[in-house]
Amino acid sequence: PVHALAEQLGWPVMQPQKIRTDYAEVLDLHPELIVTCAYGQMVPEAVLNAPKHGCINVHASLLPKYRGGSPIHTAIIQGELESGVTIMQMVKKMLAVRKFAIDEADTTEMLHDKLQAAGADLLKECLLDYLEGRITPIAQDETQVSFAWNITKEQEQIDFSKTGRQIYNQIRG
């Protein structure tokens, strides 16, 4: 939807296959701010340092917990009782966080949809304050970091030696 709206408005849309090497076109625009969501690639320093207001990301977890590509899946599989979204500077500093409960019946798809809506709302609420310097970024507590690597085919296999709750969470996740 963002891509379609941007094209409708005549805004350039770029989706570099390998941002580590294919970023000249992005820098040629002289962006004042870059916003990503579910991008899935490490953005190089040259891009991070280019915009006047930096680069921010909408991440589907309560950072610093569940950094990585599968924060929604992992929260459900791990039996978490809450999740949320974090708006962060891409230098591991948080700008805004919104938490809410994970319902026992939530699946990855259901939680994704909740986080997607919450992330969009939170970004709208905090973006102007960020750009005007009214938000003080908070460094992530590195002692609380955990990772949510992309789910592998092996992790999709059900291990029936686990508890019923663990199996249920794995299926939902």
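## Exercises: a loop residue, a sheet, a helix and a core

Leu33 is partly exposed, with a relative accessible area of 22%; here buried means under 20%, exposed over 50%, and partly exposed in between (1.4 Å probe, protein chains only). The model is predicted, so that local features need pLDDT of at least 70 and side-chain atom pairs count only at pLDDT 80 or more, while totals for chains, interfaces and linings use all residues. Residues are numbered from 1 along each chain as its sequence is written, and side-chain values use heavy atoms, with hydrogens and water left out.

**Exercise 1.** Locate Leu33 among the secondary-structure elements and list the residues that it touches.

*Solution.* Begin with the elements: helices (H or I, at least four residues) and strands (E, at least two) are DSSP runs, numbered from the N terminus. On this basis Leu33 falls in the loop that links α2 (24-28) to β1 (34-37). Next, take contact to mean heavy atoms within 4.5 Å; leaving aside residues up to four places away in sequence, Leu33 touches Pro51, His53, Gly54, Ile56, Leu127, Tyr130 and Leu131.

**Exercise 2.** Is Gln140 buried or exposed, and which side chain does its own side chain meet in a polar contact?

*Solution.* Gln140 belongs to the loop between β5 (138-139) and α6 (153-156). Its relative accessible area is 6%, so Gln140 counts as buried. A polar contact is a pair of N or O atoms within 3.5 Å, where within protein one must be able to donate a hydrogen and the other to accept it, and residues adjacent in sequence count only if both atoms are side-chain atoms; the side chain of Gln140 makes such a contact with that of Arg67, at 3.0 Å.

**Exercise 3.** Set out the strand order of the sheet and identify the strands at its edges.

*Solution.* Two strands pair if DSSP finds at least two bridges between them. The 5 strands form an open sheet in the order β1-β2-β3-β4-β5, with mixed pairing. β1 and β5 are the edge strands, each with a single partner, so one side of each has no neighbour in the sheet. Within the sheet, β3 and β4 run antiparallel and are joined by 8 bridges; Ile87 has Ala96 as its bridge partner in β4, and Val85 stands opposite Arg98 in that strand. The hairpin of β3 and β4 has 3 residues between the strands, and Lys92 there takes a positive phi near 65°. β4 and β5 also pair in the antiparallel sense, over 2 bridges, and the partner of Met94 in β5 is Ile138.

**Exercise 4.** Describe α5 and its contribution to the largest nonpolar core.

*Solution.* A nonpolar core is a set of buried Ala, Val, Leu, Ile, Met, Phe, Trp, Tyr and Cys residues joined through side-chain atoms within 4.5 Å. The largest has 21 residues, of which Ile56, Ile87, Leu95, Leu111 and Leu115 touch the most other members. Its largest share, 7 residues, comes from α5. This helix has 24 residues and reaches 32 Å from its first C-alpha to its last, close to the 34 Å expected at 1.5 Å a residue, where the expected span is 1.5 Å times one less than the number of residues. A kink of about 30° is centred on Glu125, the bend at a residue being the angle between axes fitted to the seven residues ending there and the seven starting there. The buried residues of α5 pack against β1, β2, α4, β3, β4 and α7 (164-172).
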